[in-house]
Amino acid sequence: MAKILIIDDSPTDVRVFTTLLEKAGYQVAAVSTAEEGIERVRAELPDLVIMDVIMPGMNGFQATRTLTRDPATSAVPIVMITTKSMETDRVWGLRQGARAFITKPVNEKELLTCINDLLPSAA
């Protein structure tokens with residue numbers, strides 16, 4: 001069972017994503033800050049990270065860059081999910097190392113397809 005870590009400061013979004021992902025057969029954990037997320041990824045090496053962009057303190061762009069430039073965590077795929085819908089945001093997110101960039105509100109099928117593409121041996 002693939003393990004997914006959600007890094008998002010919105011309890012509502014975390015609940016929605018957790019319900020969707022658990023229903024699809026994934027093991028899900030969540031943290032509410034980028035700093036805590038970086039620590040958890042380093043400690044647990046989840047199979048995939050769902051990263052919000054707008055969070056207090058360090059933002060998702062900075063956290064993605066930190067994780068993808070660290071040899072210990074660079075192989076963990078990151079899917080950025082955000083309300084930031086400008087093309088420049090998408091390009092910047094991908095340049096930081098995200099493997100995918102999805103805007104909110106999230107289409108359930110699009111998210112699951114994206115995850116399945118990044119985790120071919122997943123649930």
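Q: In this predicted model, how many of the five residues of E1 are buried?
A: Strand E1 is mostly covered in the predicted model. Of its five residues, the number that are buried is four.

Q: What is the handedness of the β-α-β crossover from E1 through H1 to E2?
A: E1 and E2 pair in the parallel sense, over five bridges. Between these two strands the chain passes through H1. The handedness of this crossover is right-handed.

Q: Which residue of E2 stands opposite Ile7?
A: The pairing of E1 with E2 is parallel and comprises five bridges. Within E2, the residue opposite Ile7 is Val31.

Q: Which residue in E3 is the bridge partner of Ile4?
A: E1 also pairs with E3, again in the parallel sense, and four bridges join the two strands. Leu5 stands opposite Val49 in E3. For Ile4, the bridge partner in E3 is Leu48.

Q: What is the order of the strands in the open sheet?
A: The sheet has five strands, and their pairing is parallel. Neighbouring strands are turned against each other by 20° on average, direction ignored. The order of the strands is E2-E1-E3-E4-E5.

Q: Why is one side of E2 and of E5 left without a neighbour in the sheet?
A: In the order E2-E1-E3-E4-E5, E2 and strand E5 (100-103) stand at the edges. One side of each lacks a neighbour in the sheet because each has a single partner strand.

Q: Which residues of E4 point the other way from Ile78, Met80 and Thr82?
A: E4 is mostly covered, with five of its five residues buried. Ile78, Met80 and Thr82 point one way from the strand, and these residues are buried. The residues that point the other way, also buried, are Val79 and Ile81.

Q: Which residue in E4 is the bridge partner of Val49?
A: E3 and E4 run parallel and are joined by three bridges. Together with H3, these strands make a right-handed β-α-β unit. The bridge partner of Val49 in E4 is Ile78.

Q: At about what angle does H3 run to E4?
A: Helix H3 (60-68) lies across E3, strand E4 (78-82) and E5. Relative to E4, the helix runs at about 180°.

Q: Through which helix does the chain cross from E4 to E5?
A: E4 and E5 pair in the parallel sense over four bridges. In E5, the bridge partner of Met80 is Phe101. The crossover from E4 to E5 is a right-handed β-α-β crossover, and the helix it passes through is H4 (residues 87-95).

Q: Within what arc do the buried residues of H2 fall?
A: The buried residues of H2 are Ala34, Gly37, Ile38 and Val41. Seen down the axis of the helix, they fall within a limited arc, so they line one face of H2. Residues three or four places apart in an α-helix point the same way, because such a helix has 3.6 residues a turn. The arc for H2 is 100°.

Q: Which residues are exposed on the other side of H2?
A: The buried residues of H2 pack against strand E1 (3-7), strand E2 (27-31), strand E3 (48-51) and helix H3 (60-68). On the other side of H2, the exposed residues are Glu39 and Ala43.

Q: With which side chain does the side chain of Glu44 make a polar contact?
A: Glu44 lies in helix H2 (residues 34-44). Its relative accessible area is 32%, so Glu44 is partly exposed. Glu44 and Leu5 are 39 residues apart in sequence, yet their C-alpha atoms are 9.4 Å apart in space. At 2.9 Å, the polar contact of the Glu44 side chain is with the side chain of Lys3.

Q: What value does phi take, about, at Leu45?
A: Leu45 comes just after H2. Phi at this residue is positive, at about 45°.

Q: Is Thr18 buried or exposed?
A: Thr18 is placed in helix H1 (residues 11-23). Its relative accessible area is 17%, and the cut-off for burial is under 20%. Thr18 is therefore buried.

Q: Which backbone oxygen does the side chain of Thr18 reach?
A: Not counting residues up to four places away in sequence, Thr18 touches Ile6 and Val28. The side chain of Thr18 also reaches, at 2.7 Å, the backbone oxygen of Val14.

Definitions and conventions
Residues numbered from 1 in each chain as written. Predicted model: local features only at pLDDT ≥ 70, side-chain atom pairs only at ≥ 80, totals over all residues. Heavy atoms only, no water. Buried < 20%, exposed > 50% of the residue type's maximum accessible area, 1.4 Å probe, protein only. Polar contact = N/O pair within 3.5 Å; in protein donor to acceptor, adjacent residues only side chain to side chain. Contact = heavy atoms within 4.5 Å. Arc of directions from axis to C-beta. Pairing = 2+ DSSP bridges. Axes fitted to C-alpha atoms, helices over the stretch in contact; angles between N-to-C directions. Right-handed = clockwise from strand over helix to strand, strands pointing away.
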